[in-house]
Amino acid sequence: NPANGGRLPSVASPTSFVSPTLTWARPSMLDLGVDVDFLTDFSATFDWYNKKITNQFAPSFTAPALLGPSAPTVNVAASTTTGWDMTASWRHQFGEVHLTARATLSHYSGKVTKYDTNPLGLIAQPYVGEPMGAIWGFKTVGKFQTQAQVNSAPSQTAINASGFKPGDIQYADLNHDGKIDYGNNTVTNPGDRTIIGNTTPKYFYGFTTGVSWKGIDLVIFIQGQGHADYMPTGNYFWGITSEYQSMVTPKLADRWTPTNPNGYFPLLDINNGGGKDHITQSGYLLNTAYTRLKNVQLGYTVPNQLTQKFHVYQLRLYGSVDNALTFSGAFKHQYVDPELLQANEEIYPLQRTYSFGVQMNIK
C-alpha cells in the first residue's frame, strides 16, 4: 500500500481459531494405596499414583508473529505424572492433656510424552521427553577478573556482540568447540546450554500439632517445600538493568568492582548487562525451599457453668498469628515470598497478620 509507505497493515489483536476436531483431554490414573491403623492412637495412609493425560491442548503450529492470528488449538499433546502422598496422624490423652499431631509429605514429577507441534525439538517449546519444570541455561564458571582472562577464554560474542570485560560472567564451553553459543536451539544441538535446574519442588510437606488442657488449647501449623530452582529475571532482583528500568535495594551493594572481586552481582553495565550477564545460568539459580510457621492459634474455652445463666455455651476466646516465621535461603538475595514466585518477582509478599476473636453458642 503506497499510501502508508509500503508497510504491512497493523493487527489490533491476535485472533484464535477453534479447530472443529477439538475435544476433551483424556486422563487416566493408576493409584495404589495403603491405610493403616494402630490401635486408636496412630494411623497412616500412603498412595502411589501414575497419571496419564492424552489429547492435551497445544497449538497446531507455531504461527509467525507477523501473521497476527494465533494457531488453532488441537489435541496433539500428552503427559505423564508420577508421585506419592503420605499422611500420618497421632492422638493421645495423658490425664487431662489431649495431644494431636498430623504430618503430610508428597512428591511428584512429570514429563511430556507427546507434542506433535514441535517435531524439531526446540527447547523453547515443550518437547517429547522434557521433564516438567526443566530450566535450560548456561553453566556459570564465575566472573572474569582480568582482561587476560577474557582474552584467553572461549569466545562469548554469540551471547553479546559488544564484548566482555572484567566483572562480566564467564560461561562454560560444554560442547568444547571453543565458543559459547546457543546452537540451533534444539535438544540435539542446544549449543552450550543444558538443563541446569527444575522448578518442581522435590517435596511438599505440612505438620499440624495441637494440645489442650483445662480449656486452654494451642494449635501450630507448619508448611513448606523441598529444593526447587528459580531463575530471577526482573530488575527487582538485578537492580539497574537499563536507563529506563531500575530498582535500587541494599543488596545491590554486593556487586563486583575491582576492589570487591568476590561481589555477588556482576559488573554494573546499564547498556549491556541484561544481554550477557543476566541470562539464564546456573550461578544465579535460587533455591526456593522454605519452611513457614503458617499459623499459631491460642485459645481458652470458658467453662459452661460460668456462662450458661446468660444462655451462652462453649464461649471461646482466641488469638491467632499467620505467617509468623519463614526460613528460606532465597531471602538472602531476593526479597520476594518463595510461596508466591512470579516471573519478574514484583508481587506483594504474604504479610504477617494478627487476629483475635470470640466464638460462642447461644441457646
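A contact here means heavy atoms within 4.5 Å. With that in hand, look at the whole chain of this predicted model. Residues 24 or more positions apart account for 65% of the contacts that have a separation of 6 or more.

**Stop 1: the whole chain**

Show everything as a cartoon. There are four helices and 16 strands. The chain has 363 residues, and 34% of them are buried. Now switch on the surface. About 21100 Å² is exposed, and carbon and sulfur atoms supply 60% of that area.

**Stop 2: a hairpin**

Select residues 204-213, which form strand E10, and residues 216-225, which form strand E11. These two strands run antiparallel, and ten bridges join them. Pick Gly 210 and look across to E11. Its bridge partner there is Val 219. Next, go to the turn. Two residues sit between the strands of this hairpin. Click on Lys 214, where phi is positive, near 50°.

Keep Lys 214 selected and add Glu 96. Lys 214 and Glu 96 form a salt bridge, with their closest N and O atoms 4.0 Å apart. Glu 96 lies in the loop between strand E4 (70-94) and E5, while Lys 214 lies in the loop between E10 and E11, so the pair ties together parts that are 118 residues apart in sequence. Glu 96 is partly exposed, at 48% relative accessibility.

**Stop 3: across to strand E14**

Stay with E11 and add residues 290-301, strand E14. This pairing is antiparallel as well, and it covers ten bridges. Find Gln 223. Opposite Gln 223, in E14, stands Arg 292.

Which residue meets the side chain of Arg 292 in a salt bridge? Select Glu 339: the N to O distance is 2.6 Å. Arg 292 is in strand E14 and Glu 339 is in the loop between strand E15 (312-328) and strand E16 (353-362), so this pair links parts that are 47 residues apart in sequence. Arg 292 is buried, with a relative accessible area of 3%. Glu 339 is partly exposed, at 28%.

Now add Lys 294. Lys 294 also forms a salt bridge with Glu 339, and their closest N and O atoms are 3.3 Å apart. Lys 294 lies in strand E14 and Glu 339 in the loop between E15 and E16, so the pair ties together parts that are 45 residues apart in sequence. At 18% relative accessibility, Lys 294 counts as buried, because the cut-off for buried is under 20%. Show Arg 292, Lys 294 and Glu 339 together. Salt bridges with shared partners join these three into one network. A search of the whole structure finds seven salt bridges.

**Stop 4: a nonpolar patch**

Turn the surface back on. Select Leu 30, Leu 32, Val 34, Phe 46, Trp 48 and Met 86. They form a nonpolar patch on the surface, with about 530 Å² of accessible area together. Two elements give two or more residues to this patch: strand E2 (26-38) and strand E3 (42-59). E2 gives the most, with three residues. Click on Phe 46, which is found in strand E3. Phe 46 is partly exposed, with a relative accessible area of 34%.

**Stop 5: Asn 118 in its loop**

Go to the loop between strand E5 (97-115) and strand E6 (134-138), and select Asn 118. Buried or exposed? Asn 118 is buried, with a relative accessible area of 6%. Follow its side chain: it reaches the backbone nitrogen of Leu 122 at 2.9 Å. Leaving aside residues up to four places away in sequence, Asn 118 touches Gln 125, Pro 126 and Tyr 127.

**Stop 6: between two helices**

Finish at the loop between helix H2 (235-238) and helix H3 (273-276), which holds Thr 257. Ser 246 is found in the loop between H2 and H3 too.

Take Ser 246 to begin. Ser 246 is partly exposed, with a relative accessible area of 44%. Its contacts, not counting residues up to four places away in sequence, are Asn 235, Gly 239 and Ile 240. Draw a C-alpha to C-alpha line to Gly 234. Ser 246 and Gly 234 are twelve residues apart in sequence and 9.3 Å apart in space.

Then move to Thr 257, which is partly exposed at 30% relative accessible area. Draw another line, to Pro 166. Thr 257 and Pro 166 are 91 residues apart in sequence, with 8.8 Å from C-alpha to C-alpha.

Technical notes:
Residues numbered from 1 in each chain as written. Predicted model: local features only at pLDDT ≥ 70, side-chain atom pairs only at ≥ 80, totals over all residues. Heavy atoms only, no water. Pairing = 2+ DSSP bridges. Buried < 20%, exposed > 50% of the residue type's maximum accessible area, 1.4 Å probe, protein only. Polar contact = N/O pair within 3.5 Å; in protein donor to acceptor, adjacent residues only side chain to side chain. Areas by Shrake-Rupley, 256 points an atom, 1.4 Å probe, with all protein chains shown as cover. Patch = residues over 30% accessible without salt bridge, like charges linked within 9 Å, V, L, I, M, F, W, Y side chains within 5 Å.
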